[in-house]
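This report looks at the covalent link, the charged contacts and a surface patch in one protein chain. Please keep the sequence and the 3D view open while reading.

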Amino acid sequence: MLSSSCDVQTASSLGAALKNPPVAAVPVWECRTAPAGTEALVAQNKNLALLDCDLPRPASNTLLKNKLMVLCFGFPLSIFFIVINEFCERFSYYGMKAVLTLYFTRFLLWGDNFATAIYHAFVALCYLTPILGAIIADSWLGKFKTILYLSIVYAIGQVVLSVGSISDLTDQNQDGSPDHIAVNVALSMIGLILIALGTGGIKPCVSAFGGDQFEDDQEKQRSTFFSLFYLSINAGSLLSTLVTPTIRASECGIHTKQECYPLAFGVPAILMAVALVVFIIGSKMYKKVKPQGNIMLEVSKCVGFAIKNRFRHRSKEFPKREHWLDWASEKYDKRLIAQTKMVLRVLFLYIPLPMFWAVFDQQVSRNYIKGGFQIQPDQMQIVNPILIVIMVPVVDSLVYPLIKKCKLNFTALKKMTVGMFLASMAFVASALVQVQIDKTYPVFPAAGQTQIKLINLGAVAATVQFQPQLQNVTVAPNEAVSKECLNCAHSLLLFLTWYLNFQCVKDKLSINYFEDVAPNTVHMAWQIPQYFLLTCAEVLFSVSGLEFSYSQAPSNMKSVLQAGWLLTVAVGNIIVLIVTGASTIKEQWAEYVLFAALLLAVCIIFAIMASFYTYIDPNEIEAQLSEEEKEKEKKDQDDNEKAAEADSRM
């Protein structure tokens, strides 16, 4: 006869048989009521080792197969499908985004300002829709179905955008230009809206869904997963930023050859389809947490009732309560109040975080971190993901273990604080480089002044006489002289970077080269410290933020907090628009210092806030609440039975 409980175990390497389980074997599935026919199923599957099991009630063999967790290198095999899915999805997103601005200006022929406005509106929408995706996942469909359905929407959007970029679609006269550009614009906008809904909707769900695959005692593996997850994001970004601009630069077309936007958008569409297929393949291995109703609505009602009830009982005759949310206890249960407290404590810490993204996103939107160098955008976009791909494994496998050996408690909030500090130092480094670059610039006329530059390419000195109130100017051979005057009648300002003087002397051509504005002499390598500091900041801040958001969230609001984390990115971009729009600073280095100072101040505020934060284990708290609820139910049941017994005696 089989005993009352069993462990079904699998070897740590995938596919290894486990006839005699070793001492280090990891239990991955516990069956309290194994289904009928289990013995026959185990006999067919050499990867399972069935210890004594009691089979008290029948169930299907499919249940046993679905409940089995397979480990690979100590991780659930399911997370590798999630990481690959994320890599393909990020390749799709960043590949499309890398050529989007050029598509607006060169294909749709929009002006720079309008194209920039539409681009930022699209990015903002991508970071606002995570709230919608999180609500759908945690309240209605669950994370798996939300990712699945919105990925389909995402892939359709990529296809629509690719089709909309085909010039031959409405090119009836075959001249290479669309005859009805409105059709291409309409398809492009529909595609971008679908992409924003898809990528934004799945953003908070994928990382939270990956965290769900781990057991409570796999905290270390979960932490490593978030590093791998972020690594896959940047690996996809790196490859796509290299590939899609190259595809765009190639020529294609049916009637005329021109920049190949259909293929540049088509490749990301294919990768999104691959991401969807990979995600579906792993569906039977996933651990799927069921949604628990419209939790966001319940939380909102709970907060509103607590505020209203506290206001009603604001007089001193009512005793104070431990937390202001406890004023909702008259209407809502302890579990919901406790979960709401967890979420609000984390959201409170999020308040200073947008400033980090306001600084970090400058490297793409306004090229701050380039330090004034004239470099192609496609070249500079790959620097950050390259460093990320290098730094994430180094930090995760070398730096963190060394810190742990030094017995330093380097918590997630401390990592985020250090990351913010390093980001501010990156902008200090950028300001220092910019100061050196500014020294190589020519002197331009100030407001209200006119500047005339005289260049003598002759062999003898030349004298130029201006108005009587100005002195004569003598210019030596092959030299240039600038002359400024205040409120002059002159309105001409002419600058050339170099000049060539051709002379024929005795049937020989003489060419004199004169350089007016010399290129700056600051080496491009001085950008490396800025990017290195910013990359270290991103690794410490972003990876730790993802992990912290998941670990401190209640089980029914994992995606909601991930969405809250992503919302800080959107707010950060809004801060950039406000600060740069209101700023009257002329010098670029001074603007760098401004952002560095703001981030340093926010870093100090965040460090103070983090020092008062107490880490919790949401699973443990929820387990305690469950026990209390069970005890209360049992007590109520006993009281009812006693009351019924008393009534029967009467």
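The link of Cys 252 and Cys 260 is right-handed, with 105° about the S-S bond. The sulfur atoms of these two residues lie 2.1 Å apart in the predicted model, and the structure holds 1 disulfide. Cys 252 is partly exposed, at a relative accessible area of 22%, whereas Cys 260 is buried, with a relative accessibility of 4%. Two further cysteines can be described in the same terms: Cys 126 is buried at a relative accessible area of 0%, and Cys 603 counts as buried at 5%.

The charged contacts come next. The structure holds 9 salt bridges, and the table lists some of them, including the N to O distance of each pair.

| Salt bridge | Distance, N to O | Residues apart in the chain |
|---|---|---|
| Glu 259 and Arg 106 | 2.7 Å | 153 residues |
| Glu 215 and Lys 287 | 3.9 Å | 72 residues |
| Arg 335 and Glu 629 | 3.3 Å | 294 residues |

The side chains of Glu 259 and Arg 106 meet in a salt bridge, and this pair links distant parts of the chain, with Glu 259 in strand E7 (residues 258-259) and Arg 106 in helix H4 (residues 100-107). Glu 259 counts as partly exposed at 24% relative accessibility, and Arg 106 is also partly exposed, with a relative accessible area of 48%.

In the salt bridge of Glu 215 and Lys 287, both partners sit in loops: Glu 215 in the loop between helix H8 (181-212) and helix H9 (219-249), and Lys 287 in the loop between helix H10 (261-281) and helix H11 (295-312). Glu 215 is partly exposed at 31%, and Lys 287 is partly exposed at 33% relative accessibility.

The salt bridge of Arg 335 and Glu 629 joins two helices, since Arg 335 lies in helix H12 (residues 334-350) and Glu 629 in helix H21 (residues 618-649). Glu 629 counts as partly exposed, with 31% relative accessibility. Elsewhere, Glu 86, Glu 89 and Arg 90 are joined into one network by salt bridges that share partners.

A nonpolar patch on the surface is formed by Ile 386, Ile 390, Val 394, Leu 398, Val 399 and Leu 402, which together have about 460 Å² of accessible area. One of these residues, Val 394, is placed in helix H16 (residues 383-405). Val 394 counts as partly exposed, at 32% relative accessibility.

Conventions: Residues numbered from 1 in each chain as written. Predicted model: local features only at pLDDT ≥ 70, side-chain atom pairs only at ≥ 80, totals over all residues. Heavy atoms only, no water. Disulfide = S-S within 2.5 Å. Buried < 20%, exposed > 50% of the residue type's maximum accessible area, 1.4 Å probe, protein only. Patch = residues over 30% accessible without salt bridge, like charges linked within 9 Å, V, L, I, M, F, W, Y side chains within 5 Å. Areas by Shrake-Rupley, 256 points an atom, 1.4 Å probe, with all protein chains shown as cover. Salt bridge = Lys/Arg side-chain N within 4 Å of Asp/Glu carboxyl O. Helix = DSSP H or I, 4+ residues; strand = E, 2+ residues; numbered from the N terminus.
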